[in-house]
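Student: I have a structure open on my screen and I would like to learn how to read it. Can you take me through it step by step?

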Amino acid sequence: LYAYGQFHVGRILPGVHVGAVDLSGLDEAQATARLTEAFAGYADGSVRIQTGTTDVTIPYSAFGRHADVPAMVSAALAVGRDGSAVEQAVAEVRTAVKGVELRPIVTFDDAALAARVDAALVPLEMHPVDATISVGDTGIVTTPATRGRSFDQAAVTTAIARQVESPDAGVEVVATAEPTSIDPAVDTAAVLDATKGASRMLHPLTLTQG
């Protein structure tokens, strides 16, 4: 067992896999090359944000989604290396006989993702517009109010991050950005009431005595 352990110093123990990729007996450089090739597809794909009016697409490359190869190699090299010499020897045998399968690890730039979500949703937001009333040469002039619209970019970013951090995410993930309606300070109903009052004030008034 001692000789077996010494033979695999600096190498991944036989029976260790990351996903379906066999790393048995590979050193750090060899494992890095094999995992880089096997999981290159993690960088390919995009996020589609549904807003109710239009869909916005953000490619994975915009926030650097890719396989975290260094972390996977470190985890693979660490298998069977904990504990005393006896415990390590037992772990080496168990690993060789039963095998150990590690889950692939995905990484991405959180700040870049948040920035791209902001850039996608902010242009779709709308400020509320107050209804107006004024008196012109032809009489009373009004304009209706318009509701505003905003999005919770932080919530959308969190929902996307939860999906893209999974190695099972695939080439497209879909997130929904529910718009929040913003009421104007002066709504159309208030202007209509003012219009009625203004109409009464502008009409000729006849006074009769006796």
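Tutor: We will go through the overall make-up, the sheets, the helices, the cores and a few single residues. Keep in mind that this is a predicted model.

Student: How many helices and strands are there in the protein?

Tutor: The protein has 7 helices and 12 strands. Buried residues account for 31% of its 210 residues. About 12500 Å² is exposed, and carbon and sulfur atoms supply 56% of that area.

Student: What share of the contacts join residues at least 24 apart in sequence?

Tutor: Take the contacts between residues at least 6 apart in sequence: 67% of them join residues at least 24 apart.

Student: Now the sheets. How do I read one?

Tutor: Start with the general idea. Strands of a sheet pair through backbone hydrogen bonds, and the pairing is either parallel or antiparallel. Then look for the order of the strands. Here, 3 strands form an open sheet in the order 4-3-11, with mixed pairing. Strand 4 and strand 11 are the edge strands, each pairing on one side only. From one strand to the next, the twist averages 20°.

Student: Do strand 3 and strand 11 pair in the parallel or the antiparallel sense?

Tutor: Parallel, over 5 bridges. For a landmark, find Gln50, which stands opposite Thr176 in strand 11.

Student: Which strands form the open sheet that includes strand 1?

Tutor: That open sheet has 3 strands, in the order 2-1-6, and its pairing is mixed. Strand 2 (21-22) and strand 6 stand at the edges with a single partner strand each, so one side of each has no neighbour in the sheet. Strand 1 and strand 2 run antiparallel and are joined by 2 bridges. Val18 stands opposite Val21 in strand 2.

Student: What joins strand 8 to strand 9?

Tutor: A hairpin, through 2 residues. Strand 8 (residues 132-136) and strand 9 (residues 139-143) pair in the antiparallel sense over 5 bridges. Ile133 has Thr142 in strand 9 as its bridge partner.

Student: On to helices. Why might one face of a helix be special?

Tutor: General idea: an α-helix has 3.6 residues a turn, so residues three or four places apart point the same way. Now apply that to helix 3 (residues 69-78). Val69, Met72, Val73 and Ala76 are buried there. Seen down the helix axis, the buried residues of helix 3 fall within an arc of 100°, so they line one face.

Student: What do the buried residues of helix 3 pack against?

Tutor: They pack against strand 1 (16-18), helix 2 (28-38), strand 5 (66-67) and strand 6 (100-102). Look just after helix 3 too: Gly80 takes a positive phi of about 80°.

Student: Which strands does helix 5 lie across?

Tutor: Helix 5 lies across strand 3 and strand 4, at about 155° to strand 4. Helix 6 lies across strand 3 and strand 11, at about 155° to strand 11.

Student: Which residues touch the most other members of the largest nonpolar core?

Tutor: The largest nonpolar core has 22 residues, and those touching the most other members are Val47, Ile49, Phe63, Val117, Leu121, Ile160 and Val164. At least two residues each come from strand 3 (46-50), strand 4 (55-59), helix 5 (110-121), helix 6 (153-164) and strand 11 (172-176). Helix 5 gives the most, with 5 residues. Now click on Ile160. Leaving out residues up to four places away in sequence, Ile160 touches Val47, Ile49, Leu113, Val117 and Ala175. There is also a second, separate core of 19 residues, which includes Ile12, Val18, Ala67 and Val106.

Student: Now single residues. Is Thr195 buried or exposed?

Tutor: Compare its relative accessible area with the cut-off: buried means under 20%. Thr195 has 19%, so it counts as buried. Thr195 is in helix 7 (residues 188-202). Setting aside neighbours within four places in sequence, Thr195 contacts Ile133, Ile140 and Thr142.

Student: Where is Gly99?

Tutor: Gly99 is in the loop between helix 4 (85-98) and strand 6. With a relative accessible area of 30%, Gly99 is partly exposed. Gly99 and Asp22 are 77 residues apart in sequence, and their C-alpha atoms are 10.0 Å apart in space.

Methods: Residues are numbered from 1 along each chain as its sequence is written. This is a predicted model: local features need pLDDT of at least 70, side-chain atom pairs count only at pLDDT 80 or more; totals for chains, interfaces and linings use all residues. Side-chain values use heavy atoms; hydrogens and water are left out. Helices (H or I, at least four residues) and strands (E, at least two) are DSSP runs, numbered from the N terminus. Buried means under 20% relative accessible area, exposed over 50%, partly exposed in between (1.4 Å probe, protein chains only). Contact means heavy atoms within 4.5 Å. The arc is that of the directions from the helix axis to the C-beta atoms. Two strands pair if DSSP finds at least two bridges between them. A nonpolar core is a set of buried Ala, Val, Leu, Ile, Met, Phe, Trp, Tyr and Cys residues joined through side-chain atoms within 4.5 Å. Accessible areas come from the Shrake-Rupley method with a 1.4 Å probe; for residues, only the protein chains shown count as cover. Axes are lines fitted to C-alpha atoms, for helices over the stretch in contact, and angles run from 0 to 180 degrees between N-to-C directions.
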